Amino acid sequence: MATTWERFRRDVFGDPRDAGHDEVDPAGLGRAVERDAGRVHDLIGAGLAAHDERAARALRVLGELDHAPADAADRLRSVLPAANGHFRVQVGLALHFFTGDEACIAEVAAVLTGTGNASARAAAATALGSAHATPQALGALHRGVTDDDHLVRRCSADALLRHAGEEPGGHDDLRTLLAGDSHDHRAAASWLLDLLARDSSRSYGTPSRFAVDLGPADHHGGYRRPARITLAGVVLGHARTSAYVPELRNLGINTTYPDREPDFAALRETLVSHGYTGMPEEGVLDIAETRAVLDACETTLDADLGVFRWRRHDLLFGDRAVFAVELGPVDPDGSLRICTAWVDGHNVSPVDNEVYVPQFAHSLRSTLRTLDRGADFLDWGPTTDHVTAELLPTGIGYELHSAVPGVGERTGTVEVSRDDIAHVLDATATALENHPRRP
């Protein structure tokens, strides 16, 4: 069957010696399906089993032609645990097409931020440029702009330009920065974030009842955004010109749900407690509209925080290809901090990489105290919920639990000494403890 798949692949993709042979010929694929759909499905299945990226791409094209097998998503889920590099990129894209699950985009982002070869990282960046702009995808592309490899930097920058509504190919100053040193790369990444935020202002609601106007996003700081709140036709005052994003996005949680309908008095009371002034005494809220405004604000502000969380990394302890922990900046009140753990080149914090500093530092110290006993490892709370690991005599054994439903675990081992593990844990805990929560 493998030989037959290779022959079929040449028919659909063209001769590997020809330029552009990686592109699927939809017309040729469509004709093949019309002749014998079952055979085509079997051949693509053989290609998936061989971890051929073109098979995943062909399956997605079949979906676009409405000729995919009924179990297309299941086929892709079955090969995802062992997928790496170019193959993982195409499987993630195809699975997102069939399921719409944004966790599949995270699979592509993981290739870009991982420690694989530069060609696969560049392919992941290009793919993310045409994929749904999830916070994790944008955060990964931002990191890609500072990659050690020039091709990865260029592909990441082009992808961010597309998400900002710009056509790659111009921006000579950007190209100069990408060809420069690490300081220039960071400047390019910052410029691209500003470009993304250019058109991010949003307005929700009706001023005569309740409205929130959000100014441009701040992907650099992440925790503040200009905001104007209007209640019963009155623009409220506030001592600060920008709102604390976690506080603003929780207005609905504090005032209307899960167990209460929107209530003017409750909303007014909550806004007063957050420092808003000039509050009208009376007003009327439309229940459906108020809930929609609060939900929309929450979604928008979650995206702000998400881009900030997935792009920021200020300190790296250890080697990401073996075992490491990355720390981002401290949030304004010092209680939260970005923290991403890495094992064997895998991001083992793929869903939640924001930690409560006192709890996380305590967990790291507890692990340090039991390091010589060979106990369970990486049991540090929600941040590491998607990994199960144990200390082995020569390193770490792990199971990575995919965020995509129905996908099995990735398993493996990596050699690393107890001393190296202890150094990473101690250095990370010390860095966390040196930034205590401010009163």
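## Where α7 meets α8

Five residues of helix α7 take part in a contact with helix α8: Ile105, Val108, Ala109, Val111 and Leu112. On the α8 side, the partners are Ala120, Arg121, Ala124, Ala125, Ala127 and Leu128. Ten residues of this contact are nonpolar and one is charged. No polar residue takes part. The model is predicted.

## How the two helices cross

Two packed helices are described by the angle between their axes and the distance between the axes. Helix α7 covers residues 103–113, and helix α8 covers residues 118–130. Their axes come within 7 Å. The crossing angle is roughly 140°. Angles over 145 degrees would count as roughly antiparallel. α7 and α8 are therefore oblique to each other. Their crossing is left-handed.

## A four-stranded sheet

Further along the chain there is an open sheet of four strands. What is the order of the strands? The order is β11-β12-β13-β14, and the pairing is antiparallel. At the edges are β11 (376–377) and β14 (410–415). Each of these edge strands pairs on one side only.

Strand β12 spans residues 387–392. Two bridges link β11 and β12 in the antiparallel sense. Here Asp376 stands opposite Glu390 in β12.

## A helix on the sheet

Helix α18, residues 418–433, packs on this sheet. α18 touches β11, β12 and β13 (395–400). The direction of α18 makes about 130° with that of β12.

Notes
Residues numbered from 1 in each chain as written. Predicted model: local features only at pLDDT ≥ 70, side-chain atom pairs only at ≥ 80, totals over all residues. Heavy atoms only, no water. Axes fitted to C-alpha atoms, helices over the stretch in contact; angles between N-to-C directions. Parallel < 35°, antiparallel > 145°, perpendicular 65-115°, else oblique. Left-handed = near helix turned anticlockwise from the far one by under 90°. Contact = heavy atoms within 4.5 Å. Nonpolar A, V, L, I, M, F, W, Y, C, P; charged D, E, K, R; others polar. Pairing = 2+ DSSP bridges.
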